Amino acid sequence: MLQTLSTAWFSLPDYGRATAWILVITVALIISVALLTLVERKVIGWMQLRRGPNRVSIFGLFPGLGQPFADVVKLLMKEVIIPAKANKFLFRLAPMITLIPAFAAWAVIPLSPEVVVSKADAGLLYLLSLTSMGVYGVIIAGWATNSKYAFLGAMRSAAQMVAYEIAMGFALVGVLMATRSMNLGTIVLSQSGGVGAWNWFWLFPLFIVYFISGVAETNRAPFDVAEGESEIVAGFHVEYSGMAFALFFLAEYANMILIAALTAVFFFGGWLSPFQGYPVIGDTLLGAPSFLWLGIKISVGLFMFLWFRATFPRYRYDQIMRLGWKALIPVTLVWIGVEMVLSVYKIGPWSH
């Protein structure tokens with residue numbers, strides 16, 4: 001049976017296998033987003049000494065596990081109300097512009113040595129262009145509703161996203177200098193050799209900047225001033241309801257998973273094992289590269305997102321902008337200069 005399935009799989013043309021992986025990744029990502037909403041509430045509940053969701057079960061098993069699916073049903077049943085003076089076409093388009101890049105970015109992310117939808121040599125440029133698209137969805141959503149509150153929230157959120165997008169881009173320039181490739185599979189392979197060979201060691205300041213920028217890019221706490229209830233109602237999506245609002249919600253959590261995955265790929269060796277190259281253990285199954293290692297690294301990154309939300313108070317808007325423009329961007333520029341020196345003297349990743 002397995003032999004027949006394997007033969008049928010490898011007999012498919014390249015576009016057929018790519019299409020199959022697109023479907024698998026999309027379904028897995030949607031399910032992961034649903035479960036992440038439950039995990040977030042459970043983790044924050046654990047940190048705050050309360051239970052979190054524990055009522056809705058599936059067939060009487062695993063109390064709380066059915067909560068994400070109950071939320072989906074609730075949102076599907078709610079009416080999508082479009083304001084009378086809104087631009088109806090752009091109002092409907094904005095959630096899709098926000099959501100589609102979060103899914104499309106997975107086309108170039110290597111999930112294992114064999115599994116990647118596209119081995120594009122310019123994968124890094126593809127990611128930069130796609131992640132920059134999210135700001136358009138935010139601006140269009142705020143403007144199309146014809147509401148001053150939504151528009152003000154959109155402007156605040158867009159200014160924040162642009163500021164941290166620059167810091168994130170400079171951090172990736174440092175990764176490009178260290179790996180000398182824009183292909184994500186090559187970036188992962190360049191970190192072969194165990195934990196000490198991963199980019200986090202030589203690019204530690206850039207890793208910190210990238211992850212902080214990722215938290216701000218996704219409008220997550222403590223950078224969620226666009227949705228500060230005490231400040232500006234609910235931000236740019238204040239007029240959205242039902243599944244239209246759910247698409248923004250889905251995009252936020254999909255972007256969290258994306259940032260965690262990219263952090264793992266750029267700075268923590270992607271699907272490489274931390275025990276690779278170690279004596280004895282490096283020759284076992286624990287030393288082999290696999291999707292399991294990438295999944296563990298993504299999970300740790302997502303836990304950090306949840307930990308930040310449960311721990312840090314919301315920053316003031318001027319503090320957020322000051323951090324982005326006056327702290328993170330200068331740090332990336334300085335470390336790019338340090339990388340130039342390391343490259344000249346053939347130190348670290350440049351010694352090969």
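Trainee: Hi! Why does Val73 count as partly exposed?

Mentor: Because its relative accessibility is 44%. Buried means under 20% relative accessible area, exposed means over 50%, and partly exposed is in between (1.4 Å probe, protein chains only).

Trainee: Is there anything I should know about the model itself?

Mentor: This is a predicted model, where local features need pLDDT of at least 70, side-chain atom pairs count only at pLDDT 80 or more, and totals for chains, interfaces and linings use all residues. Residues are numbered from 1 along each chain as its sequence is written, and side-chain values use heavy atoms, with hydrogens and water left out.

Trainee: Back to Val73, which helix does Val73 lie in?

Mentor: Val73 is in helix H3, which covers residues 67-77. Helices here are DSSP runs (H or I, at least four residues) and strands are E runs of at least two, numbered from the N terminus.

Trainee: How many helices and strands does the protein chain have?

Mentor: There are 14 helices and zero strands. The radius of gyration, taken over C-alpha atoms, is 21 Å, close to the 20 Å that the globule rule (2.2 Å times the number of residues to the power 0.38) gives for 352 residues, so the protein chain is as compact as a globular protein of that length.

Trainee: New topic: what share of the residues count as buried?

Mentor: Of the 352 residues in the protein chain, 47% are buried.

Trainee: And what box do the C-alpha atoms fill?

Mentor: Roughly 65 × 60 × 45 Å, taken along the principal axes.
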